[in-house]
Amino acid sequence: SAPAQALAAPGPSPDQITDILQIGARTPDHGKLFPWRFVVLGPLTRAGIATRLDPLADRRPDPKKARAVLAKLANPPTTILVISAPTPGHTVPVWEQELSAGAVCMNLSHAANALGFATNWITDWYAYDPDALAMFGVSAGEKIAGFIHIGTAAEPPLERPRPDMAQKVTTLP
C-alpha cells in the first residue's frame, strides 16, 4: 500500500467509487447478512473531522504523534470508511461477520488498485476512541474495520519486509 499522507489527486470519480463499492461488496458473507456498511468521506468532511479530532489527541500517550497521524485522514482525495456491523445472536458467529468486513476492506483496495489507483487501509487511534467513533457515525455494537484511502501515489511505495514463507506454511499429507 501507499502511505495515506502521500496519496494525491486524482482520486476516483463518482462512477468509479460506485464500481469500487460494488466490487468491494462481493465478499464472503456466510448467511448473506452483509454485516458491514460503507461511508464515503469527502475531503471537506474528513478535514472537519480531523479538526474536531485534534483536541482528542491530547488524551493520547503521545499527543504529538496522535496529531501527526491526522494527516492520513485529511490528505487523500477519497476515503471509504468500512464499518463492521455484525448481527449478534445469529447462527453465523460475530467473528465470521467481522472477517467479512475485513474481506470487504481488501476487496475495496484491490478494486481501486485495478482501476489504477493507490490505496492505504488503516485504522489508527481514532478508530478506537469512543468520542471519535461518534464523529464517524459508528453505532453501538459496530466497529471501524478500516479507512480505505484512495488516490494517486505521489511516490512509489516503499518495499517492506515480507514473511519467510517456509516459516508460515505447513503442508499436511
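Mentor: Helices and strands are DSSP runs, numbered from the N terminus, a helix having at least four residues of H or I and a strand at least two of E. With that convention, Lys-32 is placed in the loop between α1 and β2 (36-41). Please keep in mind that the model is predicted.

Trainee: How should the backbone torsion of Lys-32 be read, and what is the sign of its phi?

Mentor: Most residues other than glycine have a negative phi, and most peptide bonds are trans. Lys-32, which is not a glycine, has a positive phi of about 50 degrees. Its side of the picture is open to solvent: Lys-32 is exposed, with a relative accessible area of 67%.

Trainee: Which residue in the loop between α1 and β2 also deserves attention, on the basis of its phi near 50 degrees?

Mentor: Phe-34, a residue other than glycine, has a positive phi near 50 degrees. Phe-34 belongs to the loop between α1 and β2. At a relative accessible area of 52%, Phe-34 counts as exposed. A glycine offers a further case, for Gly-116 follows α5 and has a positive phi near 95 degrees.

Trainee: Is the peptide bond from Ala-9 to Pro-10 cis or trans?

Mentor: The bond from Ala-9 to Pro-10 is cis, with omega near 5 degrees. Pro-10 is found in the loop between β1 (7-8) and α1 (14-24).

Trainee: What approaches Pro-10 from a part of the chain 142 residues away?

Mentor: Thr-152 does, its C-alpha atom being separated from that of Pro-10 by 5.9 Å. Thr-152 is in strand β5 and counts as partly exposed, at 28% relative accessibility. Not counting residues up to four places away in sequence, Thr-152 touches Ala-6, Leu-7, Ala-8, Ala-9, Pro-10 and Phe-117. Both residues of the cis bond, Ala-9 and Pro-10, are thus in that list of contacts.

Trainee: Let us turn to charged pairs. How many salt bridges are there?

Mentor: Side chains of opposite charge can pair when their charged atoms come close. In this model the count comes to 8 salt bridges. One of them joins the side chains of Asp-54 and Arg-67, at 2.9 Å from N to O. Asp-54 lies in the loop between α2 (43-53) and α3 (63-68) whereas Arg-67 lies in helix α3, so the pair ties together parts that are 13 residues apart in sequence. Asp-54 is partly exposed at 29%, and Arg-67 is partly exposed at 29%.

Trainee: Which residues are linked with one another in a network of salt bridges?

Mentor: The network links Asp-54, Asp-58 and Arg-67.

Trainee: Which partner does Arg-59 meet in a salt bridge?

Mentor: Arg-59 meets Asp-129, with an N to O distance of 2.7 Å. Because Arg-59 is in the loop between α2 and α3 and Asp-129 in the loop between β4 (118-122) and α6 (130-135), the pair ties together parts 70 residues apart in sequence. The surroundings of the two residues should be read separately: Arg-59 is partly exposed at 48% relative accessibility, while Asp-129 is buried, with a relative accessible area of 5%.

Trainee: What does Lys-72 pair with?

Mentor: Lys-72 forms a salt bridge with Asp-124, their closest N and O atoms being 3.4 Å apart. Lys-72 is in helix α4 (residues 70-74) and Asp-124 in the loop between β4 and α6, so this pair ties together parts 52 residues apart in sequence.

Trainee: How is the length of helix α5 to be checked, and what span should its 21 residues have?

Mentor: One applies 1.5 Å times one less than the number of residues. For helix α5 (residues 94-114), the 21 residues should span 30 Å, and the end C-alpha atoms are 30 Å apart, which agrees.

Trainee: Which residues of α5 are buried, and what covers them?

Mentor: An α-helix has 3.6 residues a turn, so residues three or four places apart point the same way. The buried residues of α5 are Gln-97, Ser-100, Ala-101, Val-104, Cys-105, Leu-108, Ser-109, Ala-111 and Ala-112. The elements covering them include α1, β2, β3 (78-84), β4 and β5 (143-153).

Trainee: Is Leu-81, in strand β3, buried or exposed?

Mentor: Leu-81 counts as buried, at 0% relative accessibility. The C-alpha atoms of Leu-81 and Val-40 are 6.2 Å apart, although 41 residues separate the two in sequence. Beyond its neighbours within four places in sequence, Leu-81 has contacts that include Arg-37, Phe-38, Val-39, Leu-41, Phe-136 and Ile-144.

Note on methods. Residues numbered from 1 in each chain as written. Predicted model: local features only at pLDDT ≥ 70, side-chain atom pairs only at ≥ 80, totals over all residues. Heavy atoms only, no water. Buried < 20%, exposed > 50% of the residue type's maximum accessible area, 1.4 Å probe, protein only. Salt bridge = Lys/Arg side-chain N within 4 Å of Asp/Glu carboxyl O. Contact = heavy atoms within 4.5 Å.
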